[in-house]
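This briefing covers the overall dimensions, the strand pairing and the aromatic contacts of one protein chain. Please keep the sequence and the 3D view open while reading.

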Amino acid sequence: MIKKTINDKELEEHLKSLEEDKLRIFTMANGRVRGALFHGSHFVNQIRLQHNLGILETYILGQASLCAALTIPMMKDKEHTVIKYEGSGPADGYNVEADSTGYVRGYLYNEHIKINKPLENWDLKDFLGPGNITFSRVHKDDKFPQASTVDVDGNNIAQDFATYFAQSEQINTAFNSSIQFDKEGRVIGAGAMYLQIMPKTGGTEKLGAQVDSHQEETEDEEKLLQKVENAFRACPSIGQLYSEKEVDSEDIILGLFREFKPSITMKRDIVYDCPCNEDYYISYLKSLPKDQIEDIKKNGPDPLEIICRNCGSVYHIPVSKI
């Protein structure tokens, strides 16, 4: 990927003052709940730069990419996931990919969404519309991806992800993602969080392999899990929190879930990146039929301009290289 750099001193200084982007994985409630919190302010700004997006487009692709990043700690071994949303609204949908190595990339099907009136809120039903979301997963030794599709409302991307996990994975999962803009339309804060209720076999202290995972919750367990869900719903805008210099991720996790004794088990980098490079496209061009290559050599253009759809990188390749 050809990484673009911020050309806005005020935004650059603001981002430097924030906590660095990290994904923090944590467990709590005696191992019955796991989750992750991702600070992605730099991450979303990189997305916007790479694709040269407006505010609405940044909001949609940024939210989808933040949620995709949260699926990385759920992956087993080496895994690559492609998440596609196909909707009935003017945005058409999005395609985002998350890789177990820690990178995310993606694009909107329509990067220039027509807006007929000023936005009154961030409800996306008028832009994404009802549609379906598909997760396609490829593990290290798989010959073909394992795909699953569910219908979703398209009103809220985080809720769409939660609907997918509830219906397809049958795992009680909650997502929360947020992007904060300033009055000038700059992205000054962004982040996302998920929680999953694990089966009883996933806990500790007498909750081991000997416990039937289909066993119903006791009244006390139901109350505990309800309290966890209430705490999650009470979370203020994550993007707004991250836009404030004095707030950090551990404060957010402890502040929301202190009652459930959260433990941060891992920190890792997540970046918006793409494995594309000039050599890849040169190899592709060389594989074209000979008559097409001859036509390019004869009629141009020279250099060839190739834009990577996944990351917006622009490559100018001299014809002499093919």
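Rings of Phe, Tyr and Trp (its six-membered ring) count as a pair if their centres lie within 6.5 Å. By this criterion the structure, which is a predicted model, holds 16 aromatic pairs. The protein chain has 9 helices and 13 strands.

**Aromatic pairs**

- F38 and F43 form an edge-to-face pair, because their ring centres are 5.2 Å apart and their planes stand at 80 degrees, where over 60 degrees counts as edge-to-face.
- Both members of this pair are covered: F38 is buried with a relative accessible area of 0%, and F43 is buried with a relative accessible area of 3%.
- Y281 and Y315 have ring centres 5.4 Å apart and planes at 45 degrees, so this pair is tilted.
- The Y281 and Y315 pair links distant parts of the chain, with Y281 in helix 8 (residues 278-286) and Y315 in strand 13 (residues 314-317), 34 residues apart.
- Y281 and Y315 are both buried.
- One aromatic cluster is made up of F135, F161, Y164, F165, F175 and Y194.
- In general, a pair of aromatic rings is described by the distance of the centres and the angle of the planes.

**The sheet of 5 strands**

- Five strands form an open sheet in the order 8-9-2-1-10, and their pairing is antiparallel.
- Strand 8 and strand 10 (263-268) are the edges of the sheet; each has a single partner strand, so one side of each lacks a neighbour in the sheet.
- From one strand to the next, the twist averages 15 degrees.
- Helix 4 (residues 157-169) packs on the sheet and touches strand 8 and strand 9. The direction of helix 4 makes about 165 degrees with that of strand 8.

**Strand 9 and its partners**

- How many residues of strand 9 are buried? For strand 9 (residues 187-197) the count is 11 of 11.
- Strand 2 (residues 33-39) pairs with strand 9 in the antiparallel sense, over 7 bridges.
- Strand 8 (residues 173-181) also runs antiparallel to strand 9, and 9 bridges join the two.
- Which residue of strand 9 stands opposite F38? The residue is A192, and A192 is also the bridge partner of S177.
- F38 therefore appears in two settings: opposite A192 in strand 9, and in the edge-to-face ring pair with F43.
- The hairpin of strand 8 and strand 9 has 5 residues between the strands, and in this hairpin G185 takes a positive phi near 85 degrees.
- As background, strands of a sheet pair through backbone hydrogen bonds, either parallel or antiparallel.

**Whole chain**

- The radius of gyration of the protein chain is 22 Å, close to the 20 Å that the globule rule gives for 322 residues, so the chain is as compact as a globular protein of that length.
- Along the principal axes, the C-alpha atoms of the protein chain fill a box of roughly 75 × 50 × 35 Å.
- Of the 322 residues, 50% count as buried, which here means under 20% relative accessible area.
- Among contacts in the protein chain with a separation of 6 or more, 66% come from residues 24 or more positions apart.
- The accessible surface of the protein chain comes to about 16900 Å², and 46% of this surface belongs to carbon and sulfur atoms.

Methods:
Residues are numbered from 1 along each chain as its sequence is written. This is a predicted model: local features need pLDDT of at least 70, side-chain atom pairs count only at pLDDT 80 or more; totals for chains, interfaces and linings use all residues. Side-chain values use heavy atoms; hydrogens and water are left out. Buried means under 20% relative accessible area, exposed over 50%, partly exposed in between (1.4 Å probe, protein chains only). Helices (H or I, at least four residues) and strands (E, at least two) are DSSP runs, numbered from the N terminus. Two strands pair if DSSP finds at least two bridges between them. Rings of Phe, Tyr and Trp (its six-membered ring) pair if their centres lie within 6.5 Å; planes under 30 degrees apart count as stacked, over 60 as edge-to-face and the rest as tilted. Axes are lines fitted to C-alpha atoms, for helices over the stretch in contact, and angles run from 0 to 180 degrees between N-to-C directions. Contact means heavy atoms within 4.5 Å. The radius of gyration is taken over C-alpha atoms; the globule rule is 2.2 Å times the number of residues to the power 0.38. Accessible areas come from the Shrake-Rupley method with a 1.4 Å probe; for residues, only the protein chains shown count as cover.
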